[in-house]
Amino acid sequence: MIAHSFTLLLAATSALAGPLQRRADGLNTRAKNNGKLYFGTAVDSSGQSDSNYMNILSNSDDFGQITPANAMKWDTVERSRNSFNFGPGDAVANIAARNGQFLRCHALVWHSQLPSWVGSSGFNNATLIQVMKNHITQTVTHWKGKCGHWDVVNEALNEDGSYRSSPFYNVIGEAFLPIAFAAAAAADPDVKLYYNDYNIETPGAKASGAQRIVRLIKSYGVKIDGVGQQAHLIVGQSPSVATWTSNINAFTSLGVDVAITELDIRTKTPASSSAVAQQAIDYANSVKGCLSNTRCVGITIWDFTDKYSWIPSVFPGEGSALPWDSNLQKKQQVYNGILSGWGSGTPTATPTATPTATPTETPTSSPTSSSTTTPTATPTSSPGETVPKWQQCGGTGYEGPTQCVSGTTCTMLNQWYYQCL
Ligand SMILES: O[C@@H]1[C@@H](O)[C@H](O[C@@H]2CO[C@@H](O[C@@H]3CO[C@@H](O)[C@H](O)[C@H]3O)[C@H](O)[C@H]2O)OC[C@H]1O
């Protein structure tokens, strides 16, 4: 019966659509069809002069979001005190604007890629707070209205969940976290503010530490919108869907969103065929984990090609972590793993093509259990709550219509979000 309806649907749409037109599909299209804000990738400066790289990056069917891998870090933006260099970050912001891609901005306060003057100038509590706030204020203000998310603090934790030694923690104490978030919120009240870390994709001491940070920031009355789970994973040791799901739920139950911010899944090189098969499964599981919770807003891979991946330089003998190889050729098996994680999703409104192949009796990819998650019934947006632009307030997305509660009006907040006010 289902197969029969599917055949009828294909016949009806092709009759209405007329001449052959391309059906939009890709990693980002699937993500959006499933109610997510984006599927995206990091972009590094080396790729920006590579036209083949830029062509793939600019295909918004695959990439609806980009993150600068290095261009907005402290050692690029403020290498000397109070001397700001926004050029490299502007280049990435311009790519995003040109391609209509959501821009995640990364990272304001981090112990690494931090110019030495910050840690070695003998700043005391008051002066380091001033230095940190100045960096955040100048940087967030510069890209105000362009960044959809900011990673405000990156990697403040040790593996046991205690605070990592850093100039910020050592001098200011844990208050550096709420102070940083407050400065970012003051500079751009509309951008979503994230805490970002690795090895918090599974429950444990470090994930609990990140949850403690969420509670800490909120206890100061300061806003934190989300937690970024970096997800630098290893083939065959990646979280199961159930682990992803329960861990993401533990974060969202604190009233924050989750984003998978730096996904790559490395293996020993050269990758064996069994490793590639497992990698496709690991990617699919990561997608299904995000899919399981409506507050997991999107997934970013940490660059899309092995050509510019950071992995081999940091983990000698390992790599092959991404869905495009070092010749910029798509690894179809890995790419399909990500697509299968999203399931078929709901087709976009893009006019359909006359199918090139005779429709089969049964859909070729059966929806996974997570892709068939029952859409929630008519969610309503409470006053002040933001909803992604394509869902709008009163618009429809995969999760159904989103409407403002009575007495509030749907207002466009910025290029990415609407709000009921
Ligand atoms: O020589 C440096 C080079 O080492 C530097 O490499 C970058 C290091 O950071 C990488 O991103 C981080 C990876 O994981 C998480 O820990 C962080 O949140 C990310 O920021 C980035 O991909 C590498 O390119 O790049 C600049 C060179 O001058």
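Tutor: One convention before we start: Ala, Val, Leu, Ile, Met, Phe, Trp, Tyr, Cys and Pro count as nonpolar, Asp, Glu, Lys and Arg as charged, and the others, Gly among them, as polar. Please also keep in mind that this model is predicted.

Student: Then how many nonpolar, polar and charged residues does the lining of the largest cavity have?

Tutor: Let's sort the lining by class. V109, W110, V153, A156, F168, Y169 and F176 fall in the nonpolar class. H111, N154 and S166 go with the polar residues, while E155 and R164 are charged. The tally is therefore seven nonpolar, three polar and two charged residues.

Student: How much space lies in the largest cavity?

Tutor: Rolling a probe the size of a water molecule over the atoms shows where empty space is left. Here the structure holds one cavity of 30 Å³ or more. The space in the largest cavity is about 70 Å³.

Student: Which elements each supply at least two residues of the lining of the largest cavity?

Tutor: Match the lining residues to the element ranges. V109 and W110 are in the lining, and residues 102-110 form β3. V153 and N154 line the cavity along with F168 and Y169, and the ranges here are 149-154 for one element and 167-172 for another. The elements are β3, β4 and α8.

Student: How many of the residues of β3 are buried?

Tutor: Take one member of β3, H106. At 2% relative accessibility, H106 is under the 20% limit and so counts as buried. The strand as a whole is mostly covered, and of its nine residues the number buried is nine.

Student: In β4, which residue is the bridge partner of W110?

Tutor: β3 and β4 run parallel, joined by five bridges. W110 lines the largest cavity, and its partner is a lining residue too. That partner is N154.

Student: And in β3, what is the bridge partner of I66?

Tutor: Here the pairing is between β2 (residues 65-68) and β3. These strands run parallel as well, with two bridges between them. The partner of I66 is L103.

Student: What is omega for the cis peptide bond from H106 to A107?

Tutor: Most residues other than glycine have a negative phi, and most peptide bonds are trans. The bond from H106 to A107 is cis, and A107 sits in strand β3. Its omega is near -5°.

Student: A cis peptide bond also joins T269 and P270; where is P270 placed?

Tutor: For the bond between T269 and P270, omega is about -5°. Strand β8 covers 257-268 and helix α12 covers 273-291. P270 is placed in the loop between β8 and α12.

Student: Is Q113 buried, partly exposed or exposed?

Tutor: Q113 lies in the loop between β3 and α6 and has a positive phi, near 45°. Its relative accessibility is 28%, and because the middle class runs from 20% to 50%, Q113 counts as partly exposed.

Student: D303 has a positive phi too; is D303 buried or exposed?

Tutor: D303, with phi near 75°, belongs to the loop between β9 and α13. Its relative accessible area is 3%, which means that, under the 20% limit, D303 is buried.

Student: Which residues of the largest nonpolar core touch the most other members?

Tutor: This core has 96 residues, and its largest share, eight residues, comes from helix α9. Apart from it lies another core of six residues, among them L37 and F102. In the largest core, the residues touching the most other members are W150, V153, L177 and Y195.

Student: How far apart in space are A277 and M72, C-alpha to C-alpha?

Tutor: A277 is found in helix α12 and counts as partly exposed, at 29% relative accessibility. M72, for its part, is in contact with W150 and with H106. A277 and M72 are 205 residues apart in sequence, and their C-alpha separation in space is 35 Å.

Methods:
Residues numbered from 1 in each chain as written. Predicted model: local features only at pLDDT ≥ 70, side-chain atom pairs only at ≥ 80, totals over all residues. Heavy atoms only, no water. Core = buried A, V, L, I, M, F, W, Y, C linked by side-chain atoms within 4.5 Å. Buried < 20%, exposed > 50% of the residue type's maximum accessible area, 1.4 Å probe, protein only. Helix = DSSP H or I, 4+ residues; strand = E, 2+ residues; numbered from the N terminus. Contact = heavy atoms within 4.5 Å. 1 Å grid on protein atoms, 1.4 Å probe; cavity = no way out; pocket = protein on both sides within 12 Å on 5 of 7 lines; lining within 4 Å. Points joined across faces, edges and corners; volume = space filled by probe spheres on them. Pairing = 2+ DSSP bridges. Lists of a residue's contacts leave out its neighbours within four places in sequence.
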